[in-house]
Structure formats: C-alpha cells, structure tokens
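Student: I have a structure to read and do not know where to begin. Can you take me through it step by step?
Tutor: Yes. Have a look at it, and then we start.

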Amino acid sequence: MWIKNNDQLINIGSSGGGSEPGDSGMTETEIIELLKEMGIVREEGDNLHISDLADLTFIHQDTN
C-alpha cells in the first residue's frame, strides 16, 4: 500500500503483507505505528480510528 503524505509517496507493507525474514514488508504493528505518526489513524482507548482525511485516492496497480 502506498500512502501520500505531504506530497511524498510512502510504501507501507508489501503485496504479500508478511514479515518473514527476507520479506521487505512491514508488520501490522509497524504499519499502525507509521499511520499514527502520519496522523492518519488515532488511538482512543483500545480502539483505532481513521482521522479526518482531506483527500483519498485509490490507484489500481496494473492500470495506474
């Protein structure tokens, strides 16, 4: 998954989504921490909530 933040694209996770040795993907915990640092999600108690987003774009991998 790619996230655009402050006009920069950041690749988080991988298409496999795994975290095995040799895999360049991020763990679920690492992804959540990055999303919190970017202000995309926030914690309220034990729950995660998506912050208000000004823009959201989905890009199909094969057709861009």
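**Reading the fold, step by step**

Tutor: Begin with the order of the elements. From the N terminus, the protein chain runs β-β-α-β-β. That makes one helix and four strands. Keep in mind that this is a predicted model.

Student: How far does the confidence go? What is the mean pLDDT of the protein chain?

Tutor: The mean pLDDT is 75. Of the residues in the chain, 80% reach 70 or more. Now look for weak stretches. Where pLDDT is low, the predicted coordinates should not be read in detail. Here, pLDDT stays under 50 over residues 16-22. The model has five contacts beyond four places in sequence for that stretch.

Student: Next, the strands. How many bridges join S1 to S2, and do the two run parallel or antiparallel?

Tutor: Look at which residues stand opposite each other. Strand S1 covers residues 2-5 and strand S2 covers residues 8-11. Four bridges join them, and they run antiparallel. Tryptophan 2 has asparagine 11 in S2 as its bridge partner. Lysine 4 stands opposite leucine 9 in S2.

Student: What links S1 and S2?

Tutor: A turn. The two strands form a hairpin, with two residues between them. Check the backbone angles there: asparagine 6, in the turn, has a positive phi of about 50°.

Student: And where do the side chains of a strand point?

Tutor: In a regular strand they alternate between the two faces of the sheet.

Student: Now the inside. Which residues make up the largest nonpolar core?

Tutor: This core has nine residues: Ile3, Ile12, Met26, Ile31, Leu34, Leu35, Met38, Ile40 and Val41. Helix H1, residues 28-37, gives the largest share, with three residues. For the chain as a whole, 19% of the 64 residues count as buried.

Student: Take one core residue. Why does isoleucine 12 count as buried?

Tutor: Read its relative accessible area. For isoleucine 12 that area is 1%, so the residue is buried. Isoleucine 12 is found in the loop between S2 and H1. Set aside neighbours within four places in sequence, and it is in contact with Met1, Ile3, Met26, Ile31, Leu34 and Leu35. Leucine 34 is 22 residues away along the chain, yet the two C-alpha atoms are separated by 8.3 Å.

Student: Which residues does valine 41 touch, leaving aside neighbours within four places in sequence?

Tutor: Valine 41 is in contact with Ile32, Leu35, Lys36, Leu48, His49, Ile50 and Ser51.

Student: Serine 51 is on that list. Where does serine 51 lie?

Tutor: In the segment after strand S4, which is 47-50. Its relative accessibility is 15%, so serine 51 counts as buried. Then ask what its side chain reaches. It comes to the backbone oxygen of glycine 39 at 3.0 Å. Beyond four places in sequence, the contacts of serine 51 are Gly39, Ile40, Val41 and Arg42.

Student: Last, the outside. What does the accessible surface of the protein chain come to?

Tutor: About 5,600 Å². Carbon and sulfur atoms account for 47% of that surface.

Terms used
Residues numbered from 1 in each chain as written. Heavy atoms only, no water. Pairing = 2+ DSSP bridges. pLDDT = per-residue confidence, 0-100. Contact = heavy atoms within 4.5 Å. Core = buried A, V, L, I, M, F, W, Y, C linked by side-chain atoms within 4.5 Å. Buried < 20%, exposed > 50% of the residue type's maximum accessible area, 1.4 Å probe, protein only. Areas by Shrake-Rupley, 256 points an atom, 1.4 Å probe, with all protein chains shown as cover. Polar contact = N/O pair within 3.5 Å; in protein donor to acceptor, adjacent residues only side chain to side chain.
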